[in-house]
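Here is a friendly walk through one protein model and the ligand it holds. Have a look at it first, then read on.

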Amino acid sequence: MLSRPRRNRKNDAIRSMARETSLGPQHLIYPLFVTDGKKIKEPIHSMPGIFRYSTDLLLKEAEECMRYGIRAFCLFPRIEEKLKDKTGSFSLRKNNFYLRTISALKKELPEAVIMTDVALDPYSSDGHDGIVEDGKILNDRTVEVLVKMALVQAEAGADIIGPSDMMDGRVKAIREALDKKGFQDVSIMSYTAKYASGFYGPFRDALDSAPKFGDKKTYQMDPANAREALREAKLDEEEGADFLMVKPALSYLDVISKLKDITTLPLAAYNVSGEYAMVKAAGMKGWIDEKKVRDEILLSIRRAGASVILSYFAKEWARDQAR
Ligand code: PBG
């Protein structure tokens with residue numbers, strides 16, 4: 001035999017020379033759930049190790065993450081049911097706790113990168129990402145609200161705007177509005193290929209944001225489709241996105257890989273709540289080695305082509321490396 005691939009695996013030093021993919025804290029964005037109030041740290045039962053924080057404790061949590069090298073955070077608000085309405089008006093309310101949290105983070109941790117969420121579902125009495133009329137999700141009227149949301153978040157200090165809603169044309173509308181108001185330097189990480197997925201269940205527990213009727217199939221993508229993701233990517237690129245995101249990550253590694261081949265923009269992937277919950281649950285039962293599986297999953301998403309990964313594992317992964 002002239003070629004023996006095992007020679008490149010014979011010890012750790014050689015394996016590390018041959019290694020094709022790396023993972024570091026710079027590749028991770030840590031999603032954080034914010035709730036109104038003080039001194040609140042509420043566990044989310046379907047996401048062991050993940051909590052909803054009031055602003056004061058969220059600042060502490062982010063500060064701890066920064067010590068482990070995690071510098072980017074994505075914030076999601078949990079809104080009380082009585083503050084929700086058809087148009088998600090709480091999202092635009094001056095100085096609401098979500099906007100205050102963005103500003104507080106930027107003030108206390110100026111080096112942190114703050115990504116925000118643009119979509120109606122946390123604020124919507126219908127639990128949908130857009131405005132609902134006669135059971136339909138209205139695209140263009142929703143985009144008008146999304147634009148306003150992006151602007152108040154940019155004013156509060158957001159570094160990256162993350163439209164997670166899947167309405168058509170929203171990236172362009174947001175980009176133009178940001179530029180007009182002098183926010184040329186605020187980035188857009190577009191949820192480009194976001195699938196109508198069963199893997200979002202625990203996230204909807206965390207925010208109490210499950211749709212009150214129907215599903216999200218008229219705006220989120222069909223899990224059967226990969227070529228359609230290329231179409232979405234082309235549009236988002238033309239509309240001015242800075243990053244393209246695939247979500248969920250694990251069942252869509254092929255989509256990440258396909259997008260990698262056609263775009264010159266950096267790719268993000270969202271290792272979503274259900275993917276996290278499965279690993280945690282099997283780990284707690286002793287059925288898998290949780291950390292080994294976690295590391296393998298994160299590496300696989302990088303290998304598929306993602307530059308950056310939003311993951312609930314970010315903090316514990318980084319803490320384990322720092323030890
Ligand atoms: C909705 C949104 C969802 C997630 C982030 N933003 C869920 C949904 O579309 O219902 C899911 C994230 C996760 O599961 O971790 N705009």
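The notes below cover the ligand and its surroundings, and then two cysteines.

## Around the ligand

Please keep in mind that this model is predicted. The ligand is surrounded by 17 residues, and the closest of these are Arg204, Lys216, Lys247, Ser273 and Tyr312. Sorted by type, the shell holds 8 nonpolar, 3 polar and 6 charged residues.

## Polar contacts and cover

Three of the closest residues can be looked at in detail. The side chain of Arg204 has an N or O atom 2.6 Å from an oxygen atom of the ligand. Ser273 also places a polar side-chain atom by a ligand oxygen, at 2.7 Å. With Lys247 the ligand partner is a nitrogen atom, and a polar atom of the lysine side chain lies 3.3 Å from it.

How much of the ligand's accessible area does the protein cover? On its own the ligand has 400 Å² of accessible area, and the protein covers 100% of it. The ligand takes up the space of the largest cavity.

## The cysteines

How many disulfides does the model have? The count is 0. Cys65 is not bonded to Cys74 because their sulfurs are 13 Å apart, too far for a bond, whereas a disulfide needs the two sulfur atoms within 2.5 Å. For Cys74, the nearest cysteine sulfur is that of Cys65, and Cys74 is in no disulfide.

Are these two cysteines buried or exposed? Cys65 has 0% relative accessibility, so Cys65 counts as buried. Cys74 is buried too, with a relative accessibility of 0%.

Notes:
Residues numbered from 1 in each chain as written. Predicted model: local features only at pLDDT ≥ 70, side-chain atom pairs only at ≥ 80, totals over all residues. Heavy atoms only, no water. Near = heavy atom within 4 Å. Polar contact = N/O pair within 3.5 Å; in protein donor to acceptor, adjacent residues only side chain to side chain. Areas by Shrake-Rupley, 256 points an atom, 1.4 Å probe, with all protein chains shown as cover. 1 Å grid on protein atoms, 1.4 Å probe; cavity = no way out; pocket = protein on both sides within 12 Å on 5 of 7 lines; lining within 4 Å. Sits in = over half its atoms within 2 Å of the grid points. Nonpolar A, V, L, I, M, F, W, Y, C, P; charged D, E, K, R; others polar. Buried < 20%, exposed > 50% of the residue type's maximum accessible area, 1.4 Å probe, protein only.
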